[in-house]
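Here is a friendly walk through one structure, from its ligand site to its helix packing and a loop residue. Have the model open as you read.

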Amino acid sequence: MQYPYQIPDFDSYKIAYKRSVEDPEGFWADIASHFFWRKTWDKVLDWDFETANTRWFDGGRLNITENCIDRHLTEHADQTAILWEPNNPAEATQRISYSDLHKRVMLFANVLKEKGIKKGGRVCIYMGMVPELAVAALACARIGAVHSVIFGGFSAQSIADRINDAGACAVITCDGAFRGNKHIPLKPVIDEALKSCSTVHSVIVYHRTGEAIEMQEKRDCWWHEEEQIQINAGNLHCEAEEMESEDPLFILYTSGSTGKPKGVVHSTAGYMVWANYTFVNVFQYKAGQVHFCTADIGWITGHSYILYGPLSAGATTLMFEGIPTWPDAGRFWQVAEKHRADILYTAPTAIRSLMGFGDDIPAQSNLSSLKVLGSVGEPINSEAWHWFYEKVGQKRAPLVDTWWQTETGGIMISNLAGVTPSKPTFATYPLPGVQPVLVDESGKTIEGNAVSGNLCIRFPWPGIIRTTYGDHERCRQTYFSAYPNLYFTGDGCLRDEEGMYRITGRVDDVLNVSGHRIGTAEVENAINMHPGVVESAVVGYKHDIKGQGIYAFVVCAGANAAEDAAVVGIKHTVDKAIGPIARPDKIQIVSGLPKTRSGKIMRRILRKIAEGDVSNLGDTTTLLDPAVVEEIKAGRI
Ligand code: WT7
């Protein structure tokens, strides 16, 4: 494939950026013209941040799978679309060509239709990183169903909440998943979740681990059996459903500062254009290259840079089932070597943990194929940046630090590999189409360079969030009401002398633990479900590997004698309510929380104590009971 909109040098970037600001409609219309449309759009852009409404390519008709699969069949049918590396290196790699992917997606799309799943219906996908997960998502898109992928680490209760919020009619899952030396049960978790869901009529189970599971008659069926039925009936072909540009493509739940995760909704056309444009430009993808993104498809990074970005560009996307540290801490580098990966896109937390195993581990693999390195998910510290660049990229491969969010659909601020300048720990310059603004607490725009403030975006880009599922007002409130006519990211940011951006982290009550977004209120709600708990307050603290760790201050009923049991019980409660990713690293049982006279918890104080920065806690005179602070300080873990 050719990418006429791939930016070749810094001057071209400046020209593209300027045009994207001065003539956004012309700019995006030109780019969109390189996709396959059943009917082109009537209007490029319609938007109103006051009501949180954005429409891109309105009146256009398309199906994203025709752009991700069918259009590559004329010239690249035999090229590998998905290169799958299993958890266990002893198991065989799978190579799925564009032609195979086409057949598999159409066949499974027919299974979905047979199960009564229709255009607009919501389908929950809860699977491990098997190629069938990609097939399942694409098959939904083929028939116009809206997929909602849930990360395999979430508990039954959080799955139930998401299924009920989306009103999903079907679930696609696996018996279990392999991760390192563990078997993770998936179907039993779905069984548990579905006890409190009434909308799901079908569960399709892909056979992966072979562990014994229960199948509920009428509701549950096996993936391979259903496919065989379609094959026997000769239903091999499935015409792509013609979708409107603004029809929803998927829902992806993410945490915010309230207790309840939001279903971020992305559209079909705008998301597709954005995922593709950012993929092609940030990673400077060249035809024939192998793109290795280590994320899980349960998160937005996997959606945009394992599935839709690479496939829409006709790339070979490497999908890895396993974990970085099994069978040993060289696994990522071995996978990169084995498949001659050209691009490696991973997270700072993985880099920091692998760094700890020593420089000789990456040195044992031949990493000469790597041409571009990428980082995403949290601010990358200088040490990790340099280690990745020097020991993995051997100072040869440019490193892109990509800042973006579930809500933005794709990369927003990043250097373009080898094309625009890079600066360690800086995401650097915005992509064409992205207009960052820094504002102070009062909402005043901060002009000029060498300044910092809250990061907002002043104009819509094609991948912008369209709504939060079932509650548009929540979308408006969360992202468009803090500052008039601006999209608010929730991140703090500085702009240096050269106008380069560095994201400094969240300014709201959202934690970033190993690159996973977790709301403090969500963890508090979970902790409070434990019968012995009266109340709790959760804050983040700096963690060498995870970026942030979770510190919980908990008030329990009764004597503190049973503290150890309470701590174990609280961890278990959080595992059940959310999943182990939200389990607090530290739990301190306290007799009270520092509150103002109006009853508001002073998190500022708790944050300082959790960080170990107790010398100056600031003004505590407004506290109801200042003595409690001394007790908490003394009991710090
Ligand atoms: C939050 C979004 C974007 C996909 C993965 C996370 C933080 C993300 C960077 C970066 C500094 C970053 C921000 C952002 N973040 N990338 N390169 N530098 N911070 O998606 O779960 O929606 O989280 O991750 O705080 O708001 P997410």
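A polar contact here is a pair of N or O atoms within 3.5 Å. With that cut-off in hand, a nitrogen atom of the ligand and a polar backbone atom of P379, 3.4 Å apart, make such a pair. Please keep in mind that this is a predicted model.

**The ligand site**

The table lists ligand atoms beside their protein partners.

| Ligand atom | Protein partner | Distance |
|---|---|---|
| nitrogen | polar backbone atom of G377 | 3.1 Å |
| nitrogen | polar backbone atom of P379 | 3.4 Å |
| oxygen | N or O atom in the side chain of R506 | 2.9 Å |

How much of the ligand does the protein bury? Taken alone, the ligand exposes 560 Å², and 95% of that is buried by the protein.

The surrounding shell has 17 residues, and the closest are D401, T402, T406, D491 and R517. By class, the shell holds 6 nonpolar, 6 polar and 5 charged residues. At least two shell residues come from each of α11 (300-312), β20 (399-402) and β25 (501-506).

**Helices that cross**

From the ligand shell, α11 leads us on to its packing with helix α10 (residues 269-282): the angle is about 90° and the axes are 8 Å apart. Because of that angle, α10 counts as roughly perpendicular to α11. On the α10 side, the contact uses Y271, A275, N276, T278 and F279, while α11 brings H303, S304, Y305, Y308, G309, P310 and S312. This contact has 6 nonpolar and 6 polar residues, with no charged ones.

Helix α10 also packs with helix α2 (residues 24-32), here at an angle of about 85° with axes 11 Å apart. The angle therefore makes α2 roughly perpendicular to α10. Which residues make this contact? They are F27, W28, I31 and A32 of α2, together with V273, W274 and Y277 of α10. The class count for the contact of α2 with α10 is 7 nonpolar, no polar and no charged residues.

**A loop residue and its contacts**

Finally, have a look at K595, which sits in the loop between β30 (586-590) and α19 (603-611). Although K595 and T622 are 27 residues apart along the chain, their C-alpha atoms are separated by 8.5 Å. T622 is also one of the contacts of K595 once neighbours within four places in sequence are set aside; the others are E535, K600, I601, L623 and L624.

Terms used: Residues numbered from 1 in each chain as written. Predicted model: local features only at pLDDT ≥ 70, side-chain atom pairs only at ≥ 80, totals over all residues. Heavy atoms only, no water. Near = heavy atom within 4 Å. Polar contact = N/O pair within 3.5 Å; in protein donor to acceptor, adjacent residues only side chain to side chain. Areas by Shrake-Rupley, 256 points an atom, 1.4 Å probe, with all protein chains shown as cover. Helix = DSSP H or I, 4+ residues; strand = E, 2+ residues; numbered from the N terminus. Nonpolar A, V, L, I, M, F, W, Y, C, P; charged D, E, K, R; others polar. Axes fitted to C-alpha atoms, helices over the stretch in contact; angles between N-to-C directions. Parallel < 35°, antiparallel > 145°, perpendicular 65-115°, else oblique. Contact = heavy atoms within 4.5 Å.
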